Each structure stands twice: as structure tokens, then as C-alpha cells.
Amino acid sequence: MKAAVKPGVWKKLTNQLDLQSMVWPGIIFVAIFSYIPMYGVVMAFQQYDIFNGILESPWVGWMNFKMFFEAPEFWNVMRNTIVISLLKLVITFPAPILLALMLNEVGNMAFKRFIQTVSYLPYFLSWVIVSGFVFSLLSVDNGTVNFLLERLNLIQEPVNFLAIPEYFWSILVSVNVWKEIGFGSIVYLAAIAGVDPAMYEAASIDGASRFKQIYLITLPSIAPVIIIFMILAIGNLLSAGFEDILLLATNPILRPYSDVIDTYVYRVGILNARFSYATAVGLFKAVISVILLVTANKIARRADVSLW
Amino acid sequence: MRLSLGDKMMQRTIYLLLTLMAVVMLYPFWNALVISFNQGSDTALGGVTLWPRAYTLENYYIVFQDRRLLNSFMITILRTLSGTALSVFFTALLAYGMSKKSLLFRKQYMVFFMITMFFSGGLIPTYMLIRALGMLDTFWVLIIPGIISVYNMIVIRTFFAALPDGLEESAKIDGCSNYGIFFRIVIPVSGPVLATISLFTAVGYWNDWFTGAIYITQDQLLPIQTLLRQIMNSNIMTEIGSSNAIALDHMNRNRTITTKSLTMATMMIATVPIILTYPFLQKYFVKGVLIGSLKE
């Protein structure tokens, strides 16, 4: 910025002190609560010890990263992270789009409003409450899922679903769809509402079915919105989940399928107090995420869509 | 408009699917409510789905004997109210400053804020900071780290930037300072956006359990969601029984209470504020999402 070196800057600044003072509390706050932890990632290159603190702890270079790459959990954690993320990208991500497309076909306004009201509700419940519902519904005693399956003669004995590792991914993704589908559809509904009705009329005159109109008009029209959310989702590819997994996978038997980078960082960092090691794992994730986000954004720019 | 046969079939299918979805959306909540009003021992026999079979209020009666619960409820109310007030005030103040084109270093400040949306130090360095600040096991840790939300700042700033210039001009001519304009003119006309952001923030504070789980170890400071999680992973019956004679006596005499029935009642109590405010939440959240998704 050239303006920053002009001689009048100091004077301008003192002239707008009241305006500046509105911004400074926020800046100081973010400097403390966001930037100090960013500086704190240097711990990843240290053998941090509580008595010496960040300033005095010995430097160990890439040791903590190497330790993670060679850890017995590494491949398992990476696999779970990537698989759960991809499952969410393929199922949880398009679900709200599908719901918005379906809601748009509903002519009865009262019905439409009812469905919207009902589908937004789970979004407002905490993950703790949601996990309580899941435990209850899947439980062996009076769990409705077991009750139904038994009634339909599909199983003889109640199944303890949350103790079977192979089921965990499906449960996790279904619960996420349940919680997010309604709320996620709001943006897409708004985008659909912005499509020029004349396009539908023209297509209708040409004899295109509703399904064809959705495919040829609605979807392409809302594509920019979809792409923006897709970029963000790709940036979050290594954030497979945290609260949901932490709360639903309370049974350690599930760990081979439930352990992802974030839950691993929490476990080794906070619960086992291996601060430097956990910071290194977290930093590894953060750096890859930024790279993914920037790359996705670059690719999307070719379609004239960008986050910034 | 006349629909072709194919279009009609598609519509029928959509109505059917949406109705099914509504049932799936509501059922978990309804079933938990039913179980909370049903005798625990009866629930354990199975088959309690849409209506209580052995209706009772005793689960709620026992849960209300648990002093930890009422205390956590109060802590969470206090946290939500003070946290929301502070957060919305400082975020709006920041947003107002950032909405002014005349603000020196505006671009640099914006970059400074935007970076935090895409990169963060992560869990452990944040934990070390909170510890170094002496905020572990204090009420403040439940409020302060969440005060400035960059995302909310951008939403409010977009709204402020769209206000007509004329609104502030006359006040400026009358010699009003930026603070005067902010408090007397801008805040009063920003009701809807501030209400939306307040609700976003309040729901966030109310539903947050993780802050309590990692920074709080004392029972008397636990937010309700964190306590609820502890209850779900422990034996609530012995815990209430060991601290409350009335509850212990009742449980010993009746033997109809189970951990599950008590947990469900606790969950319902923790959800009441969300349900009571849901009509507002829904209305304002929809608005908020739409303001937030506008690109500048």
C-alpha cells in the first residue's frame, strides 16, 4: 500500500481516532484469541514442557511430524478422516439441494411451510441432545429401531448398533443428514426463488417435463451457489467431524472406524497431555486444509466463481 | 397449469417423501418426550413409541431434586445472556467501524480478520493460551473466547454498508460523533439484523458443551449441555441418590426409575428454551442465513 507511507498518515489517523477506537477492541481481541494460538503452533517444532513454556522449550525440528507419520494410528486416522469426509461430501452435502428441489415442486404453501418448520428443528438442538436421541433410538432396551426391525422379523435379537464398528460410518452420516438437511436447504431455496420464471414458461411451452426443467434450468441456475459451498466443503475435507464423532463414538470399540484427525488431536493432546505432538498433528491438518481450499477456489475461478 | 402424467407422478412421490421426512424429523424428539413421561421400569420392557404407556411425572420430580441441574441451568442462562450482549455489542461496533470507507487501514484490517476464518492455531495452542491467561475453571472462559465473531462482523457490516448515506449525513452536520451516530441512529434502524445475530449467538452459547468439557472441571460452573453429557455417560441414579435424600428415598420405595428415564427428562429440560423460542429462531435464522450468504 502506497498510502501507508505518505506523510499525512499519522495526522489522518489522529483525526479519526474515534472511528479507529471502534475497531481496535475487535483487533486486540482477535490478536489475542486467534493470532497468539497461531504463533503457538511453533510448539509443534518443540518438545514442549510446561515448566519452560513456549519460550524456553527445546527445539526438535520435524520430530513430532515424523512421529505422527510413523505412528501405528496414522493410516487408520487418515483413512477414517478421508472416508468420513468423502461420505459427507457425497451424501450430507447434496441432501439439502435435493430437499430444496423437492420443496420447490410443492404447490401447497401450508404443506411447504410445515415441512420447512419441521426440517429446521434439529439444527437448533445441540449435538449432546442429538446424540441422546441416537442412543435412545438405537438402544437395546426400548430402542425404536430394534423394536421395528423385530416387528418386521428382520432380526431375532436386539442389535447394539453403537457397539459395532462397521455400522458407525452409516450412523454418523445419517445423523448428520438428519441434523443439517433442513437448514442447509434455505440458501438453495433462496437461489431457486431467484430463477427467472420466464425460463420455466418457455421450457413448458416447448413441452419439457418438470423433471427436465429441474435438470436443465434449476440446477444450472443455482450452480454458482453450489460451487461456493463445494469449495468450502473441500477446504473442510480434513475436518471430518468432531463434536458428532466425540459424542456418538463414546464406545472405544468403535475407534478403528471413528478416530479422525480432530478427535485424535483431542485425545492425545488434552487427555494425554502430549501437547507438542498434538499441535503438530493439528498443524498438519490446518496446512493441508488451506492448500485444499486455495486449490479448490482456483479451479472454481475457471467457472467465474470465487470465495474472495 | 395442466400437469402431464409423469409430472403428476413426480409430485405425488415428492409429497410422499416429504411427509416421510417430516415423520423422521419429529419422531426422535417425540419419542424422547414420551419416554421422559413414562415409568422407567415400564420403558425397559420395550415398545414405548408414540404414547406413554405408564404415564408419570416422577422422572421430572427426581431430576428437579438434582441441585447440579438447576445450577447448570442458571449458569447457562447467565452465560447466554451476558455472552450474547457482549458479543453482539462488540461485534456490531467493530462492524460499524469496518463499514466506513474512510477508515484508515480498512483493507489491511479486513485481511487480518479474514485470515482467521481459514486458518487457526488449533485446539492445543488455544488451550495453552486459555491456561496461560488463568481462565481455566472460571466463568469468563464460557463467555470471552466467543465474543468477536468474524463471520457475524461481516454479516452486520454488509447490512450497515447498505444503509442510505443520507441517514447519517444530517447527524454529522449537527456535530454528532461516530459513537453518537452509532448509538442513536445506526443501532435503532438495525433491529432485524441485530436480532438475527443475537439469536445465532444465543443458540451457539446455549448449545455449546465443548468449552465446558475442556476448560471447566468444577461442577458448579458446568454449562447444562456439558452436564448433560456427563449424565449420559454416568449413572445418574446413584449420583442423584448420593446427594439428595428425598430422591434416594423415592427411588428406593418405587423402583420405577431408570437411568434412561432420568436422562430423557434431563434432555427435555435442556431443550425447553430452544423449543419455546423456536418460532422466533426459525423466522430470524432464515433471514440471517440469507443476509450472510450475500456476497459483497
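Contact here means heavy atoms within 4.5 Å, and with that cut-off in hand the tour of this predicted model can begin with chain A.

**Chain A as a whole**

Select chain A and colour by sequence position: among contacts between residues at least 6 apart in sequence, 64% join residues at least 24 apart. The chain has 16 helices and 0 strands, and its C-alpha atoms fill a box of roughly 70 × 65 × 35 Å along the principal axes. Its radius of gyration is 25 Å, where a compact globule of 308 residues would have a value near 19 Å. Buried residues make up 51% of those 308 residues, while the surface that chain A exposes comes to about 15000 Å², with carbon and sulfur atoms supplying 67% of it. If you display the charged groups, the mean positions of the 20 positive and 19 negative charges of chain A are 11 Å apart.

**Chain B as a whole**

Switch the selection to chain B, which has 15 helices and 0 strands. Its radius of gyration is 25 Å, well over the 19 Å that the globule rule gives for 296 residues, so chain B is more spread out than a compact globule. Along the principal axes its C-alpha trace spans about 75 × 70 × 35 Å. Of the 296 residues of chain B, 52% count as buried, and residues 24 or more positions apart account for 70% of its contacts with a separation of 6 or more. The accessible surface of chain B is about 13900 Å², of which 67% belongs to carbon and sulfur atoms, and the mean positions of its 22 positive and 14 negative charges lie 7 Å apart.

**The nonpolar core**

Next, show both chains together and pick out A:Phe124, A:Phe133, B:Leu18, B:Met98 and B:Phe113, which are the residues with the most contacts inside the largest nonpolar core, a set of 177 residues. Helix 10 of chain A, residues 168-193, gives the most to this core, with 16 residues. Which residues does A:Phe133 touch, not counting those up to four places away in sequence? Centre the view on A:Phe133 and you will find A:Leu125 and A:Trp178 from chain A, together with B:Pro28, B:Phe29, B:Ala32, B:Met267 and B:Met268 from chain B.

**Helix 6 of chain A and what covers it**

Now select residues 95-104 of chain A, which form helix 6; 8 of its 10 residues are buried, so this helix is largely enclosed by the rest of the structure. The buried residues are A:Ala95, A:Pro96, A:Ile97, A:Leu99, A:Ala100, A:Leu101, A:Met102 and A:Leu103. What covers them includes helix 5, helix 7 (109-120), helix 10 and helix 12 of chain A, and also helix 1 (5-36) of chain B.

Two of these covering helices are worth a stop. In helix 5 (residues 74-92) of chain A, select A:Thr92, which is buried, with a relative accessible area of 14%. Not counting residues up to four places away in sequence, A:Thr92 touches A:Leu87, A:Val173, A:Asn176 and A:Val177. In helix 12 (residues 210-235) of chain A, move to A:Ala233, which is in contact with A:Leu89 and A:Phe93 once its neighbours within four places in sequence are left aside. For a sense of distance, draw a line from A:Ala233 to A:Leu148: these residues are 85 apart in sequence and 35 Å apart in space, C-alpha to C-alpha.

**A:Val30 and its partners in chain B**

Is A:Val30 buried or exposed? At 3% relative accessibility this residue, found in helix 2 (residues 17-40) of chain A, counts as buried, because the cut-off for that class is under 20%. Leaving out residues up to four places away in sequence, A:Val30 touches A:Tyr35 in its own chain and B:Phe112, B:Phe113, B:Thr116 and B:Ile148 in chain B. The C-alpha atoms of A:Val30 and A:Leu216, 186 residues apart along the chain, are separated by 45 Å.

**Two loop residues with positive phi**

Finish in the loops. Between helix 8 (127-138) and helix 9 (144-151) of chain A, select A:Asn142, whose phi is near 60°, a positive value in a residue other than glycine; A:Asn142 is buried, with a relative accessible area of 5%. Then go to the loop between helix 4 (67-99) and helix 5 (106-118) of chain B and select B:Phe105, where phi is near 65°, again positive in a residue other than glycine. B:Phe105 is partly exposed, with a relative accessible area of 28%.

Definitions and conventions:
Residues are numbered from 1 along each chain as its sequence is written. Chains are lettered from A and ligands numbered from 1 in the order in which they are written. This is a predicted model: local features need pLDDT of at least 70, side-chain atom pairs count only at pLDDT 80 or more; totals for chains, interfaces and linings use all residues. Side-chain values use heavy atoms; hydrogens and water are left out. A nonpolar core is a set of buried Ala, Val, Leu, Ile, Met, Phe, Trp, Tyr and Cys residues joined through side-chain atoms within 4.5 Å. Buried means under 20% relative accessible area, exposed over 50%, partly exposed in between (1.4 Å probe, protein chains only). Helices (H or I, at least four residues) and strands (E, at least two) are DSSP runs, numbered from the N terminus. The radius of gyration is taken over C-alpha atoms; the globule rule is 2.2 Å times the number of residues to the power 0.38. Accessible areas come from the Shrake-Rupley method with a 1.4 Å probe; for residues, only the protein chains shown count as cover. Lys and Arg count as positive and Asp and Glu as negative; His and the chain ends are not counted. The place of a charge is taken as NZ of Lys, CZ of Arg, CG of Asp or CD of Glu.
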